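Hi everyone, and thanks for coming. I'd like to walk you through a protein chain that may be new to you, so settle in and have a look at the screen.

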Amino acid sequence: MPPDRVLARRRAIGDHMRAARFHANLTQEAVALRAGIRIATYSEIEQGHRAALIDTLILIADAIGVPLADLVRE
């Protein structure tokens with residue numbers, strides 16, 4: 001299990017993903033399909049339950065239409 005500070009940042013990234021997705025008026029399913037990842041995987045990343053590879057975050061940012069920095073900002 002990762003340290004609490006890592007889990008907190010993981011949840012923050014998920015919050016940024018959710019906010020960007022809502023702003024783009026997209027569902028989790030739509031983002032997952034555009035990114036080419038499983039819906040369950042996308043959901044787990046957005047909820048902070050799964051760590052994401054940088055490649056996956058790039059795909060998600062592109063699918064939502066935002067810069068990667070918007071998802072990982074502090």
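Let me begin with a term: when I say helix, I mean a DSSP run of H or I at least four residues long, and the helices are numbered from the N terminus. With that in hand, we can place a residue such as Glu 29, which is in helix H2. Please keep in mind that what you see is a predicted model.

Now, the whole chain. How many helices and strands does the protein chain have? There are 5 helices and 0 strands, and going along the sequence the pattern reads α-α-α-α-α.

What about the overall shape? For 74 residues, a compact globule would be expected to have a radius of gyration near 11 Å, and the protein chain agrees, with 11 Å. The C-alpha trace spans about 30 × 25 × 20 Å along its principal axes. Of the 74 residues, 35% are buried. If we take contacts between residues at least 6 apart in sequence, 55% of them join residues at least 24 apart.

On the outside, the chain exposes about 4,700 Å², and 55% of that comes from carbon and sulfur atoms. As for charge, there are 10 positive and 9 negative side chains, with the centres of the two sets 3 Å apart.

Let's zoom in on H2, which runs over residues 28-35. Which of its residues are buried? They are Val 31, Ala 32 and Ala 35. These three are on the same side of H2, because they cover an arc of only 100 degrees around the axis. Here is a handy bit of background: an α-helix has 3.6 residues a turn, so residues three or four places apart point the same way. Turn to the other side of H2 and you find Leu 33 and Arg 34 exposed. The cover over the buried residues of H2 includes helix H1 (4-23), helix H3 (39-46) and helix H4 (54-64). Just after H2 comes Gly 36, with a positive phi of about 75 degrees.

Back to Glu 29 for a moment. This residue of H2 counts as partly exposed, because its relative accessibility is 44%, and partly exposed covers values between 20% and 50%. Glu 29 and Ala 40 are 11 residues apart along the chain, and their C-alpha atoms are separated by 8.9 Å.

H4 gives us another helix to look at from two sides. Its buried residues are Thr 56, Leu 57, Ile 60, Ala 61, Ala 63 and Ile 64. They cover an arc of only 160 degrees around the axis, so they are on the same side of H4. On the other side of H4, Asp 55 and Asp 62 are exposed. Covering the buried residues of H4 are, among others, H1, H2, H3 and helix H5 (68-72). After H4 comes Gly 65, with a positive phi near 90 degrees.

Next, two residues of H1. Is Arg 21 buried or exposed? Arg 21 has its place in helix H1, and it counts as buried because its relative accessibility is 7%, where buried means under 20%. Leaving aside neighbours within four places in sequence, Arg 21 is in contact with Leu 26, Thr 27, Gln 28, Val 31, Tyr 42, Glu 46 and Ile 64. You have met Val 31 as a buried residue of H2, and Ile 64 as a buried residue of H4.

Leu 7 is also in helix H1 and is buried, with a relative accessible area of 13%. With the same neighbours left aside, Leu 7 is in contact with Met 1 and Pro 2. Leu 7 and Gly 48 are 41 residues apart in sequence, and C-alpha to C-alpha they are 7.1 Å apart in space.

Let's finish in the loops. Asn 25 is found between H1 and H2. Its phi is near 55 degrees, a positive value in a residue other than glycine. At 69% relative accessibility, Asn 25 counts as exposed.

His 49 is in the loop between H3 and H4, and counts as exposed at 59% relative accessibility. Not counting residues up to four places away in sequence, His 49 touches Arg 10 and Glu 44. His 49 and Phe 22 are 27 residues apart in sequence and 20 Å apart in space, C-alpha to C-alpha.

That's my tour; thank you for listening!

Note on methods
Residues are numbered from 1 along each chain as its sequence is written. This is a predicted model: local features need pLDDT of at least 70, side-chain atom pairs count only at pLDDT 80 or more; totals for chains, interfaces and linings use all residues. Side-chain values use heavy atoms; hydrogens and water are left out. The radius of gyration is taken over C-alpha atoms; the globule rule is 2.2 Å times the number of residues to the power 0.38. Buried means under 20% relative accessible area, exposed over 50%, partly exposed in between (1.4 Å probe, protein chains only). Contact means heavy atoms within 4.5 Å. Accessible areas come from the Shrake-Rupley method with a 1.4 Å probe; for residues, only the protein chains shown count as cover. Lys and Arg count as positive and Asp and Glu as negative; His and the chain ends are not counted. The place of a charge is taken as NZ of Lys, CZ of Arg, CG of Asp or CD of Glu. The arc is that of the directions from the helix axis to the C-beta atoms.
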